[in-house]
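Me: I would like to go through the internal spaces and the packing of this model. Please take the questions one at a time.

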Amino acid sequence: MTATLSPPPTTAGRRRRRRGSRPSAIRDIPVRRLRHDQADYDLDRWVVPGDPIFSHFLAILSAVFPKGEEFFVASVRRHRDAGADNPVLKEQVKGFIGQEAMHSREHRRLNERLAGLGYRMARADRTIGVLVDSIYKIPPSTLPIAATAAAEHYTGLLAEAVLSDESTRTTLFGTEAVEPMIAWHALEELEHKNVAFDVMEAAGGGYVVRVAGFAVTTSVLASYVAIEWGRAVWEDRHLITRENRRTFHRNLMRQKLLSPWSARKLLIYLRPGFHPDDTATDELVQEWRLRLAEVATANTKADTEPAPAVSTDTPV
């Protein structure tokens, strides 16, 4: 009997086989409600004590999350049918949408308080809304999901730094009002870090599109955060003392969110064959699921929030 060779696997088949061997192939993505209410705790003018410079950085990050996450959800929803043949990914998309909706809601509440303290939250919220609406309309239709996958790589690094390094967490997010909220957000960023990437691949986004999405996210979204941070610090320069500047330099050395560690981790995204699971964070996720068990409780339904407010009037 003559042996018959199987035909070479298609690109989609190779992706399904590769995906099936990854930790994310069996990862559940629960949607939780945050039981910690930051409104119950005092929040000083400088949310990083004694450090106006890092305080503005954290305020800008929080300001861009609501509109940014609405864009992430819209981009994933646009291509959710691409993963219809993968029931695990289909359920993960529901979890992703639910988690991001809860993040947007909690950051809006925090942003209202930060605006009351004098941070320029409305300006950042308005500008990031214009930027993500513009990105959503750029062809091809896989570019916005590629930009989302790249942005999720950025937020995954932020989350890993927060949860894996106590010095980073306590230096930048150590106040009672924000630490539990940021830890909850970081945990869920690691839980769903693969979803946008896997949807991008399922929708046919290859390496060129992935790199283009990274370029858009870096040059538009990340660059805007840096520019707005510098602008806010400059506008408040008369409030920043010599001691404040010394505190900033000490804090810069104590954290790894802005460090060579982050730069190295960021650039591995450009490696051919990269997948978010290449950064092993499952043990960190399990640890923080236990640590936050009393802080956030799982919902029974994931996709219950209203549709995001990102413009979707361009054809896909």
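Reply: The questions below cover cavities, the largest pocket and the nonpolar core. This is a predicted model, in which local features need pLDDT of at least 70, side-chain atom pairs count only at pLDDT 80 or more, and totals for chains, interfaces and linings use all residues. Residues are numbered from 1 along each chain as its sequence is written, and side-chain values use heavy atoms, with hydrogens and water left out.

Me: How many cavities of 30 Å³ or more are there?
Reply: On a 1 Å grid over the protein atoms alone, a cavity is a set of points where a 1.4 Å probe fits but cannot get out. Points are joined across faces, edges and corners, and a volume is the space filled by probe spheres set on the points. By this rule the count is 3.

Me: Which element gives the largest share of the lining of the largest cavity?
Reply: This cavity has a volume of about 220 Å³. Its lining (residues with an atom within 4 Å of a point) has 19 residues, with L58, S62, H107, F173 and I182 nearest the centre. Two or more lining residues come from each of α2 (52-78), α3 (87-116), α5 (142-164), α6 (166-173) and α7 (179-191), where helices are DSSP runs of H or I of at least four residues, numbered from the N terminus. The largest share, 5 residues, is from α2.

Me: Which element gives the most to the lining of the second largest cavity?
Reply: The second largest cavity holds about 110 Å³ of space. Its lining includes A149, E152, H153, Y269 and F274. The top contributor, with 6 residues, is α5.

Me: How many charged residues are in the lining of the largest pocket?
Reply: A pocket is an open set with protein on both sides within 12 Å along at least five of seven lines, and the largest has a volume of about 610 Å³. Of its 25 lining residues, L61, Y154, L158, A222 and V225 are closest to the centre. The lining has 20 nonpolar and 5 polar residues, and the number charged is none.

Me: Which element gives the largest share of the largest nonpolar core?
Reply: A nonpolar core is a set of buried (under 20% relative accessible area, 1.4 Å probe, protein chains only) Ala, Val, Leu, Ile, Met, Phe, Trp, Tyr and Cys residues joined through side-chain atoms within 4.5 Å. The largest has 86 residues, and F57, L114 and L163 have the most contacts inside it. With 15 residues, the largest share comes from α2.

Methods
Buried < 20%, exposed > 50% of the residue type's maximum accessible area, 1.4 Å probe, protein only. Nonpolar A, V, L, I, M, F, W, Y, C, P; charged D, E, K, R; others polar.
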